[in-house]
Amino acid sequence: MIKKLKDDIREEYKQRRVEMPMEERHRRDEAICRIAEGLVSFRYADYVLMYAATEGEIDIMPVARLALEKGKTVLFPRCDKKTHTMTYHEVKSLDELAVDSYGILEPPVDAPVYNCTAQTGSAVCFVPGLVYDKSGFRLGYGKGFYDRYLSNFSGCTIGVVYSDYILPTVPRGRFDVSVDILLTEKGVKVTKNPKK
C-alpha cells in the first residue's frame, strides 16, 4: 500500500519536473545555490557531501565549486547497485567525476573514502529528492540509497527541493530517514522533527 502511494506521487512530480520550463528551473536552481552558500552549516563545514544532479534533479554543482575554492573536503557518492548502498569519495576537482553505466557522474573508485564515524570534523550532506514533506521526509527514486547512508551520518542533512514540491506529509516506511533542513529557492526551513 505504501509503495503504491509513493509510486503515484513519484510519477506526478516527475511529470511536473519534465513540464517545468528550462529557464524557470535554471532560475530556481541558481537561487537555491545562492542560499546554500550562505548557510552557516555550509560555511563552517569541513566536509561537504554533494550529489551530481541527474536529469530532473536540482543542480547544485556551483556549491561544490565554491566548497573546493574554500578548501573544504568535497565528496560525491559512488553507488553499489547490487546492495543499494553508497560510499562518498573525495574529489580535488570536479573534472575527476566520470559518467557511470547509469549515466550518473561519480568519483573515481580509488578516490579516498569518507568515513562518517571516524572523520569527526563538521559535515553537511546535500540530499536530492523528488518531493519532501514538512517534517523532512523525502521521496527519491525508491532504491533506499540515502536512507541507508543517512542512518549512520551524524552531520547536518540538507534536503534540496523546490518550494512547491513540499507536501504536508509523504508516505513513509520504518527505515525512512528525515533531513534536518529543507533548502528551497525561497529560503530554508528547519524541519519539525529532525532526526537528532
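Strand β9, residues 156-160, is mostly covered: five of its five residues are buried. The model is predicted.

Look at the two faces of β9. Both are covered. Cys-156, Ile-158 and Val-160 lie on one side, and all are buried. Thr-157 and Gly-159 lie on the other side, and they are buried too.

Which strands pair with β9? Strand β6 (residues 123-128) is joined to β9 by five bridges. Strand β11 (residues 181-184) pairs with β9 over three bridges. The table sets out these pairings.

| Strand | Residues | Bridges to β9 | Sense |
|---|---|---|---|
| β6 | 123-128 | five bridges | parallel |
| β11 | 181-184 | three bridges | parallel |

Single residues show how the strands line up. Val-124 has Cys-156 of β9 as its bridge partner. Val-160 stands opposite Leu-183 in β11.

Now turn to the cysteines. How many disulfides does the structure hold? It holds zero. Cys-116 is in no disulfide, and the nearest cysteine sulfur, that of Cys-125, is 9.5 Å away. Cys-116 counts as buried because its relative accessibility is 16%, and the cut-off for buried is under 20%.

Why does Cys-125 form no bond with Cys-156? The closest cysteine sulfur to that of Cys-125 is in Cys-156, and it is 9.4 Å away, so the gap is too far for a bond. A disulfide needs the two sulfur atoms within 2.5 Å. Cys-125 has 0% relative accessibility, so it counts as buried. Cys-156 is buried as well, on one side of β9.

Terms used
Residues are numbered from 1 along each chain as its sequence is written. This is a predicted model: local features need pLDDT of at least 70, side-chain atom pairs count only at pLDDT 80 or more; totals for chains, interfaces and linings use all residues. Side-chain values use heavy atoms; hydrogens and water are left out. Buried means under 20% relative accessible area, exposed over 50%, partly exposed in between (1.4 Å probe, protein chains only). Helices (H or I, at least four residues) and strands (E, at least two) are DSSP runs, numbered from the N terminus. Two strands pair if DSSP finds at least two bridges between them.
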